[in-house]
Amino acid sequence: MTKQELLDFIRKSFTPIDNIPEDTAWRDAVCMEARASLLIEANCTSERFPAFMKCGRHTEHGWVYKFAEPFIVATSVGKGKPTLLHWHFEEFLIRSNRVLVTDTGENLDRWTLDVKDEILIPTNVNVDITKFREYLDDDSQELAGLNNNPGMPPHREPMASCDLMNGFKEAQSEFNRKYRSRFLLCQAVSPYKTPEQVCYFFDSPPDIFEPSKSGKLHLSQFHLSKEDDLNEWLNRLREAVENHPSEKNQDSANPQRWSSGQLIHWDLTQMVPCSIFNETVPACYHYYDGWYCSVYPFKDSRGNVKMQLVNQYDSVQNKKILLPVTTWDYPNSFQDKIFCMPLPQEQQPLYNLDLLLKPETEIVILTDSVELADSNQRNAPVGVVFTSFICSPERYEQVDWTPLEEKEIYYLVSNHSGTAMEFAILKANEVRNFLEDELEIQLKFIVVSVDYQERRHGGFATLDELINHHNNKRPKVKADSLVIVDGEDFDELYCKANKKIAELGLKWWLLDASGEQQRLVNKESDRRMRPPYLLRPFLLRGEVSMLYASKSTGKSALALSMAAAVVSGKTLFDEKWWVVPKIKDDPFYKVVYPYRKVLYLDFENGEGEIRERKIDFARCYWPHPKNGEEWQKCNGNLIVRDMTSAEVKDYSARENWQDIIAMLKEAEKEGIPGQPVDLLVIDTVSKFIHNAYTPRMDLSNLINKVRGMNIAVLLIHHEGSNKEVRGWKSVTDDMYFLVRLFREQNEEKDEKTSEKDAYDPKTLKEPLTLAFAKARSGIEAEPPFVIYFDKKWQVHVDENINREEYKNKEFKRIVDNYSQRRLKHDDIYPILGISHGTYFTLKKNVLPKKRKH
């Protein structure tokens with residue numbers, strides 16, 4: 001399938017889903033309760049269970065525990081005009097039977113209301129009905145003919161024992177339905193009150209996507225081949241709704257008018273967080289009521305359904321969840337039970353796995369929404385498979401991605417489920433980074449923006465109302481938004497998304513957001529800001545750095561080359577990654593200029609010397625051809641002022657600040673007109689302040705004023721005889737980075753290079769050492785290194801060392817350092833001035849191979 005054919009398919013057949021916020025925190029809470037319930041059921045006959053309950057008494061049938069409050073239930077008894085009896089029970093029993101099937105083939109409940117042995121284990125049909133008396137209230141005893149007051153004759157004939165037994169069985173069924181979550185039952189009795197505490201007690205991790213110790217309970221599969229058709233299920237559901245106690249008196253409970261989607265939704269609600277015994281999620285529930293579907297089956301490689309996602313909508317909160325459900329077999333029993341839990345394995349399978357593994361599958365479209373994957377797979381052409389995944393937020397290692405290897409993968413980026421397009425892009429970038437970093441899987445991207453016709457007032461009263469709203473005001477794909485992009489173009493989308501998020505502010509995005517968008521908002525607010533480098537790792541926008549050295553060492557030559565590199569974007573020290581980030585990655589710019597602009601105030605050299613130095617130390621960083629249009633733009637954007645002919649005064653004095661501001665404003669008109677200055681270089685500080693040693697505090701205030709204009713400042717200064725910054729102590733606190741330049745041989749012999757020789761390119765071929773003397777930020781960990789000038793600045797590398805290997809080793813060091821300091825891949829590669837694709841290719845080739853999941 002060509003790119004154009006894929007675009008045409010998406011344009012004609014793409015099926016959006018709803019924009020109801022998905023609440024993963026709600027999902028996790030339900031799954032944790034189910035996880036705790038499964039652990040309780042798996043361990044309820046173990047030796048440790050009484051220690052878990054911290055109470056109870058042992059009988060020949062098992063352990064008996066007292067309800068926190070009596071269990072009270074009403075049941076209808078008899079035929080014709082049934083009698084309503086009110087039962088109350090003080091205790092419940094957990095049977096210790098190994099086998100839960102009688103010799104007649106009847107299932108026994110392990111968890112049961114505690115009653116007399118004759119009721120619990122009847123030996124004949126005619127049970128002594130007086131045994132039921134203590135479990136009925138006074139009025140019910142009278143109605144059942146069990147009034148034993150010697151002063152009063154019975155008001156009624158005693159009920160048949162079979163009717164009372166049926167009434168008890170109905171009470172037992174209601175007990176199992178009410179407390180199908182064994183956690184809720186035990187929570188009121190045991191000191192372990194939270195699902196997390198239950199997990200810890202039974203040595204199971206409190207994470208829904210971690211394998212659980214399920215004891216003798218075994219994962220089963222949904223037996224879909226034995227099920228009836230949809231209409232038969234829906235008819236049974238309508239009858240169940242009409243008879244359900246919670247629905248009988250509800251105005252909205254007219255199941256005859258409910259859609260199939262709402263009926264299925266109601267049935268699935270009865271299985272949260274777990275079901276009663278022998279319920280199922282049938283294959284016919286994977287059904288579309290218009291655009292809406294309630295169930296999404298996850299199949300294994302053989303097509304067996306081992307897990308399903310069920311869609312649950314909360315009309316009060318106007319939120320939805322997709323709950324994973326699995327079914328579990330009980331030992332020595334015909335019984336099985338559904339728990340709202342994912343598969344008990346380290347990694348969850350991809351959706352449509354059986355289709356992914358088919359040899360004819362050529363193109364895979366990955367999305368973060370199982371709903372989107374399922375709704376669009378219905379219309380997918382042969383060879384195209386939509387897939388998705390479930391995991392904890394940002395825990396992509398919980399998914400088995402290996403079926404995606406060796407395939408052409410497109411990631412579908414779309415706004416849905418309460419997540420705005422900007423954050424859909426951020427999440428797509430998370431997934432991209434993970435797959436490239438961990439599995440070396442490269443992605444392309446299909447970007448589809450959807451226009452939802454939003455409901456203005458609150459949520460929807462029922463699921464049917466939501467379905468009808470969606471049918472009447474269908475979401476529409478924004479035709480001009482549909483694009484297919486590769487990694488490089490996606491980088492631009494990612495930058496634009498970040499800029500828009502920053503412009504509106506993170507609080508704005510939290511309004512009516514999905515749980516996933518809230519996570520991404522919080523992640524953005526917690527992330528370490530990318531250092532705004534103009535020249536990594538030394539010059540930052542809005543900060544001041546200093547380069548100092550003894551007189552006639554070559555600091556001004558190096559500073560001029562730094563300024564030239566900042567303008568042109570060329571690398572200064574290639575092997576050490578002293579690079580200039582691309583202008584398009586600079587969030588400061590609303591208008592992207594081709595080159596940056598530098599104002600260099602030279603207090604040391606006259607006009608003629610400045611011209612010569614630009615020829616020697618700046619033009620080597622200009623683009624080719626010489627005197628071409630781009631060369632001229634760079635030359636114009638490096639503005640060097642001859643300050644030797646200017647009035648001699650202390651420019652740091654408050655009354656002279658305006659002179660500096662005026663020069664910065666004037667520089668906007670030079671070079672590329674209208675472009676502000678990015679970097680201000682002051683060479684040297686002693687001439688700038690007209691004082692060789694001690695500056696006034698006004699210098700600090702002036703520097704802060706310039707920093708407030710988002711301009712980087714580079715100060716050039718002399719060192720003292722103690723090899724530290726001459727005469728300065730307190731003012732160096734303003735420096736973000738302090739870098740010293742020196743010659744090792746001069747250090748040893750205490751020799752001085754003449755000022756004339758210092759800037760002779762031949763002299764600068766001799767090695768110089770560049771060392772960070774101070775860093776206000778811990779973001780950089782740059783060790784000293786040796787440099788020299790030979791047509792341009794270079795790193796001195798031993799002739800026996802391969803320069804490419806040296807550069808790769810530095811790349812690893814830098815990436816490791818940045819990662820330890822909480823910088824993400826999306827921040828690291830722009831700092832290094834390379835593309836996303838180049839960055840991950842280097843990581844693949846340079847960094848240690850990761851274990852494939």
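# Exercises on sheets, helix contacts and buried residues

Phe 688 is buried, its relative accessible area being 1%; buried means under 20% relative accessible area, exposed over 50% and partly exposed in between, with a 1.4 Å probe and protein chains only. The model is predicted, so local features need pLDDT of at least 70 and side-chain atom pairs pLDDT 80 or more, while totals for chains, interfaces and linings use all residues. Residues are numbered from 1 along each chain as its sequence is written, and side-chain values use heavy atoms, without hydrogens and water.

**Exercise 1.** Classify the aromatic pair of Tyr 651 and Phe 688, and locate both residues.

*Solution.* Step one is the criterion: rings of Phe, Tyr and Trp (its six-membered ring) pair if their centres lie within 6.5 Å, and planes under 30 degrees apart count as stacked, over 60 as edge-to-face and the rest as tilted. The structure holds 52 aromatic pairs. In the pair of Tyr 651 and Phe 688 the centres are 5.7 Å apart and the planes make 25 degrees, so the pair is stacked. Next, the location: Tyr 651 is in the loop between strand 24 (638-642) and helix 21 (657-669), and Phe 688 is in helix 22 (residues 685-689), 37 residues apart. Helices (H or I, at least four residues) and strands (E, at least two) are DSSP runs, numbered from the N terminus. Last, Tyr 651 counts as buried at 5% relative accessibility.

**Exercise 2.** Describe the sheet that contains strands 13 and 15, and the helices packed on it.

*Solution.* Begin with the order: the open sheet of 5 strands runs 14-13-15-16-19, with mixed pairing. Two strands pair if DSSP finds at least two bridges between them. Strand 14 (384-387) and strand 19 (483-485) stand at the edges with a single partner strand each, so one side of each has no neighbour in the sheet. Neighbouring strands are turned by 25 degrees against each other on average, direction ignored. Axes are lines fitted to C-alpha atoms, for helices over the stretch in contact, and angles run from 0 to 180 degrees between N-to-C directions.

Now take one pairing: strand 13 (residues 363-366) and strand 15 (residues 408-414) are parallel over 4 bridges, and Val 364 has Ile 409 as its bridge partner in strand 15. Then add the helices. Helix 12 (residues 370-377) touches strand 14 and strand 15, at about 155 degrees to strand 14. Helix 15 (residues 487-504) touches strand 15, strand 16 (444-448) and strand 19, at about 115 degrees to strand 19. Contact means heavy atoms within 4.5 Å.

**Exercise 3.** Characterise the crossing of helix 9 and helix 10.

*Solution.* First the geometry: the axes of helix 9 (residues 230-243) and helix 10 (residues 260-269) come within 10 Å and cross at roughly 65 degrees. The crossing is left-handed, that is, the near helix is turned anticlockwise from the far one by less than a right angle (clockwise would be right-handed). Second, the residues: helix 9 contributes Leu 230, Leu 234, Leu 237, Arg 238, Ala 240 and Val 241, and helix 10 contributes Ser 260, Leu 263, Ile 264, Trp 266 and Asp 267. Third, the composition is 8 nonpolar, 1 polar and 2 charged, where Ala, Val, Leu, Ile, Met, Phe, Trp, Tyr, Cys and Pro count as nonpolar, Asp, Glu, Lys and Arg as charged, and the others, Gly among them, as polar.

**Exercise 4.** State where Leu 770 lies and whether it is buried or exposed.

*Solution.* Leu 770 belongs to strand 28 (residues 768-775). At 2% relative accessibility, Leu 770 counts as buried.
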